Amino acid sequence: MEKQEIRTFGRRHGKKLSQRKEYLIAHVLPQIAPTTNAKILEIGFGAGEHVRQLAQDNPDAIIIGAEPFINGVASLLSAMTDEKDNAILPEYKNIRIFADDVRIMLKNSAFKFNEIWILHPDPWPKAKHEKRRLLNAEFLTLLSRHLEKDGKIIIGTDHWEYYEWITERVPETPLRIFATNLETIKTRYQSKNMAGTDAPKYLILQNG
Ligand SMILES: C[S@@+](CC[C@H](N)C(=O)[O-])C[C@H]1O[C@@H](n2cnc3c(N)ncnc32)[C@H](O)[C@@H]1O
């Protein structure tokens, strides 16, 4: 029997969805299931602002967003479709959504990514919740197997203690720290991010 994964996320459902969002979940979500030709993955996309940014910055790549919080999935679907006819907007046609725990999707070893983004992962700050942290050595090792040659994992967090904790996990994995400066990866995103007040710290990992 497979071992039960520890749950790394909070809620799956929030407040009741609008009729339009219910429609998008029922009819649009099934049309944009992940495909193994995708080259960029964002894990835990929240409301999906950065997935949309990735889609616009990389029009020739397929982007997968994974998020088990259905209200977040519904927000992304709402933002990537036309309010009048619910059709996917041209600039977001390269987005695919996995509406569940990304570890389920990654059981398929055919997924290989050039970039895997994880922005503001749940920090689970209480000691008794530490086991819920997604970015442990086991998960980082799983991600390492889904990287293309020279592929990168880009982690951003403003939770300094979690940042240090992840840094300490890296030597327990096949990964190494490639950079801690996002500019190495995406100048454009970095410059946009400068507008924010609390700039996250980044950790960019690569197979060693
Ligand atoms: C603190 S939120 C950050 C959301 C977004 N990235 C942002 O920066 O606004 C962390 C997100 O990770 C998601 N998450 C946690 N565990 C996950 C998993 N195993 N697979 C996919 N998403 C996960 C949660 O549902 C939550 O939406």
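Student: Which residues are buried in helix 5?

Tutor: In this predicted model, Phe139, Leu140 and Leu143 are the buried residues of helix 5. The term applies because at least 20 other C-beta atoms, that is 20 or more, lie within 10 Å of the C-beta atom of a buried residue.

Student: What puts these residues on the same side of helix 5?

Tutor: Phe139, Leu140 and Leu143 span an arc of only 100 degrees around the axis, and therefore they share one side of helix 5. Their cover includes strand 4, strand 5, helix 6 (160-169) and strand 6.

Student: How does helix 5 lie with respect to the strands?

Tutor: Helix 5, residues 137-144, lies across strand 4 (113-119), strand 5 (147-157), strand 6 and strand 7 (201-207). With strand 5, helix 5 makes an angle of about 140 degrees.

Student: What is the strand order of the sheet, and which strands are called edge strands?

Tutor: The sheet is open and has 7 strands in the order 3-2-1-4-5-7-6, with mixed pairing. Strand 3 (95-98) and strand 6 (175-179) are the edge strands, as each pairs on one side only. From one strand to the next, the twist averages 25 degrees.

Student: How do you know that strand 1 and strand 2 pair?

Tutor: Pairing requires at least two bridges. Strand 1 (residues 40-43) and strand 2 (residues 63-66) are joined by 4 bridges and run parallel, so the criterion is met. One of the partnerships sets Leu41 against Ile64 in strand 2.

Student: What makes the pairing mixed, parallel or antiparallel bridges elsewhere?

Tutor: Strand 5 and strand 7 run antiparallel and are joined by 6 bridges; there, Thr157 has Lys201 of strand 7 as its bridge partner. Strand 6 also pairs with strand 7 in the antiparallel sense, over 4 bridges, and Ala179 has Ile204 of strand 7 as its partner.

Student: Which residues have the most contacts inside the largest nonpolar core?

Tutor: They are Leu41, Ile63, Ile116 and Ile155, in a core of 45 residues. Beyond its neighbours within four places in sequence, Ile155 is in contact with Ile118, Leu135, Ile166, Tyr202 and Leu203. In soluble globular proteins, nonpolar side chains tend to be buried together.

Student: Where is the pLDDT below 50?

Tutor: The chain averages a pLDDT of 92, and 91% of the residues score at least 70. Over residues 186-191, however, the pLDDT is below 50, and this stretch has 5 contacts in the model beyond near neighbours in sequence. Where pLDDT is low, the predicted coordinates should not be read in detail.

Notes: Residues are numbered from 1 along each chain as its sequence is written. This is a predicted model: local features need pLDDT of at least 70, side-chain atom pairs count only at pLDDT 80 or more; totals for chains, interfaces and linings use all residues. Helices (H or I, at least four residues) and strands (E, at least two) are DSSP runs, numbered from the N terminus. Axes are lines fitted to C-alpha atoms, for helices over the stretch in contact, and angles run from 0 to 180 degrees between N-to-C directions. Two residues are in contact if their C-beta atoms, placed from the backbone, lie within 7 Å. A residue is buried if 20 or more other C-beta atoms lie within 10 Å of its own, exposed if 12 or fewer, and partly exposed in between; C-beta atoms are placed from the backbone. The arc is that of the directions from the helix axis to the C-beta atoms. A nonpolar core is a set of buried Ala, Val, Leu, Ile, Met, Phe, Trp, Tyr and Cys residues joined through C-beta atoms within 7 Å. pLDDT is the predictor's confidence in each residue, from 0 to 100.
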